Amino acid sequence: MKRYNSLSEVRQDLANGTTTCRQLVHYYLDNIERKKYLNAYLEVFADEALAKADEVDQKLANGTAGRLAGMVLGLKDVLAYKGHSLQSSSKILTGFKSLFTATAVQRLLDEDAIVIGRQNCDEFAMGASNETSAFGPALNEADPTRVPGGSSGGSAVAVQADLCLASIGSDTGGSVRQPAAFCGVIGLKPTYSRISRYGLIAYASSFDQIGPITRSIDDAALLLEVMAGPDEYDSTASQREVPAYSSLLENSSERKFRIGYISDTLENEGLDPEIREAVQSAIQNLREDGHTVEPVDFHYLDYIVPTYYILTTAEASSNLSRFDGVKYGYRSADATDLLSMYKKSRAEGFGHEVQKRIMLGTFVLSADYYDAYYTKAQKVRRIIKEKTEELLEQFDFLIMPTTPTTAFPLGGNLTDPLAIYLGDIFTVQASLAGVPAISVPVGSDKNGLPIGLQILTKSFAETKLLAFSKSVTEKISTTA
């Protein structure tokens with residue numbers, strides 16, 4: 001069976017009888033087994049996926065199939081799916097099965113998507129390389145000695161390696177966009193609140209957002225359209241009407257935009273020269289297409305990463321307090337009393353990176369340091385948000401590299417935690433500001449490792465973002 005790059009290709013073959021949903025599922029199951037070494041999946045729902053495929057095939061025959069019939073996808077191991085294991089790639093949730101299904105996942109199922117398995121990720125979505133997973137790292141198919149990025153590393157690899165058509169990940173500070181860039185696929189972080197977070201294991205609640213990882217803009221648009229919208233179970237979900245993103249993707253090549261590129265990102269001394277060259281080439285192509293592309297200054301780049309980590313670790317400290325060995329999940333066998341049960345269960349159940357972030361978050365929330373760190377970081381976040389919004393009033397889009405480097409070697413940054421934190425330097429701005437952002441592939445370096453271009457726009461302007469991104473990717477594919 002051929003490799004499909006979009007649901008429209010799948011639906012065409014389903015319609016002409018070239019394939020069936022059952023055959024599709026078998027194809028992906030075979031690929032998963034053949035590429036098991038990539039460690040993209042923690043669990044595969046083979047029998048269930050095949051049964052769902054038979055059901056969807058029948059619906060297709062009856063003309064009653066949903067909009068996602070033929071879409072075989074995987075879920076990052078932070079999304080609740082009733083009756084299925086949910087561990088956030090952590091030992092502390094050993095044996096836990098979800099009692100309900102996340103709103104976003106349920107909406108996908110209602111449109112006849114086929115969920116094939118749960119995917120590896122950094123523990124509790126804390127990491128940028130998938131190396132903090134209790135189940136070992138996922139591997140980048142472009143070079144298995146390198147990381148796939150994170151925290152949605154397994155989800156990006158699964159799409160990259162043709163182990164599913166699309167994945168659903170979560171993005172706190174770049175956890176969909178960064179692995180998408182490392183793996184040469186498309187990763188979308190919607191506007192904060194566009195998709196309900198009900199059923200998403202929380203890392204940092206004021207940042208977390210569910211987002212799709214795909215091989216086509218059309219699929220990203222359709223998945224967003226299905227998952228987005230108000231939710232009675234999540235009071236923070238936006239009440240705004242959901243546009244028909246998938247039918248509003250007309251080629252925007254005729255429309256000329258005003259685009260700003262943040263000069264600080266291209267002048268950053270940590271930026272890989274080949275990434276700089278790829279982004280500059282994209283800028284030149286946009287100018288040749290008639291767009292106005294201008295450099296802009298953003299003098300807060302150095303404050304983005306520290307602000308992000310102060311706030312997210314503070315929220316993580318609070319969110320992860322519920323995992324205590326009492327109610328569910330892992331409980332230490334060496335506990336002798338209540339206090340030792342708490343201490344040992346959390347010390348043995350959480351990995352090093354998660355423990356580190358909990359401790360840092362607890363510190364910045366402590367009475368003596370709350371105003372010096374947490375309050376100040378909230379003020380800086382407000383400034384970053386306002387300055388980003390000011391730029392987006394002047395420009396239709398902001399563009400910049402998704403990452404400062406291509407995929408780095410396994411273990412390469414573990415000895416220098418600051419290096420891996422600084423890997424988020426370009427993705428965190430959109431997260432702090434709450435605006436939508438997408439990473440699209442713009443080529444590869446001399447080693448064949450993918451390079452990503454990031455595009456930001458105003459809150460709730462995903463229609464324009466997706467249409468423009470489609471024209472960008474089409475231009476790149478024709479000039480490649």
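This is a guided tour of the structure, with a selection to make at each stop.

The model is predicted, so to speak of local features requires a pLDDT of at least 70 and side-chain atom pairs count only at pLDDT 80 or more, while totals for chains, interfaces and linings use all residues. Residues are numbered from 1 along each chain as its sequence is written, and side-chain values use heavy atoms, with hydrogens and water left out.

**Stop one: a helix and its neighbours**

Select residues 21–34, which form helix α2. Helices here are DSSP runs of H or I with at least four residues, strands are runs of E with at least two, and both are numbered from the N terminus. Helix α2 has 14 residues and reaches 20 Å from its first C-alpha to its last, close to the 20 Å expected at 1.5 Å a residue (the expected span is 1.5 Å times one less than the number of residues).

Now colour the buried residues of α2: Cys21, Leu24, Val25, Tyr27, Tyr28, Leu29, Asn31 and Ile32. Buried means under 20% relative accessible area, exposed means over 50%, and partly exposed is in between, using a 1.4 Å probe and protein chains only. What do these buried residues of α2 pack against? Show α1 (7–16), β1 (41–44), α3 (46–62), β2 (72–76) and β3 (114–119), and you have the partners on screen.

**Stop two: strand β4**

Next, select residues 166–171, strand β4. Six of its six residues are buried, so β4 is largely enclosed by the rest of the structure. Turn on the side chains: Ala166, Ile168 and Ser170 point one way, and Ser167, Gly169 and Asp171 point the other way.

Add β2, which runs parallel to β4 and is joined to it by three bridges; two strands pair if DSSP finds at least two bridges between them. Look for Gly74, which stands opposite Ser167 of β4. Then add β6 (residues 209–214), which runs antiparallel to β4 with five bridges between them. Which residue of β6 is the bridge partner of Asp171? Click on Gln209 to find the partner.

**Stop three: Leu188**

Select Leu188, found in strand β5 (residues 186–189). Leu188 is buried, with a relative accessible area of 0%. Leaving aside neighbours within four places in sequence, Leu188 is in contact (heavy atoms within 4.5 Å) with Val176, Gly211, Pro212, Ala220, Leu224, Ala437, Ile438, Leu465 and Leu466. For a link back to stop one, draw a distance to Leu29: Leu188 and Leu29 are 159 residues apart in sequence and 26 Å apart in space, C-alpha to C-alpha.

**Stop four: loops with unusual backbone**

In the loop between β2 and α4 (103–110), pick Ser89. Ser89 has a positive phi of about 50° although it is not a glycine, and at 0% relative accessibility it counts as buried. Asp77 lies in the loop between β2 and α4 too. Asp77 is buried, with a relative accessible area of 1%, and its contacts, beyond neighbours within four places in sequence, are Leu42, Ser85, Leu86, Gln87, Ser88, Ser89, Arg118, Gln119 and Cys121.

Move on to the loop between β3 and α5 (153–160), where you will find Ser151. The peptide bond from Gly150 to Ser151 is cis, with omega near 10°. Asn130 is found in the loop between β3 and α5 as well. Its phi is near 70°, a positive value in a residue other than glycine, and Asn130 counts as buried at 0% relative accessibility.

**Stop five: helix α10**

Select residues 301–319, helix α10. The 19 residues of α10 should span 27 Å at 1.5 Å a residue, and its end C-alpha atoms are 27 Å apart, which agrees. Of those 19 residues, 15 are buried, so α10 is largely enclosed by the rest of the structure.

**Stop six: empty space**

Rolling a probe the size of a water molecule over the atoms shows where empty space is left. On a 1 Å grid over the protein atoms alone, a cavity is a set of points where a 1.4 Å probe fits but cannot get out, a pocket is an open set with protein on both sides within 12 Å along at least five of seven lines, and lining residues have an atom within 4 Å of a point. Points are joined across faces, edges and corners, and a volume is the space filled by probe spheres set on the points.

The largest pocket holds about 370 Å³ of space. Of its 17 lining residues, select Leu86, Phe100, Leu200, Ile201 and Arg322, the closest to its centre.

Finally, three cavities of 30 Å³ or more are found in the whole structure, and the largest cavity holds about 70 Å³. Its lining has 13 residues, with Gly127, Ser175, Tyr308, Tyr309 and Asp424 nearest its centre.
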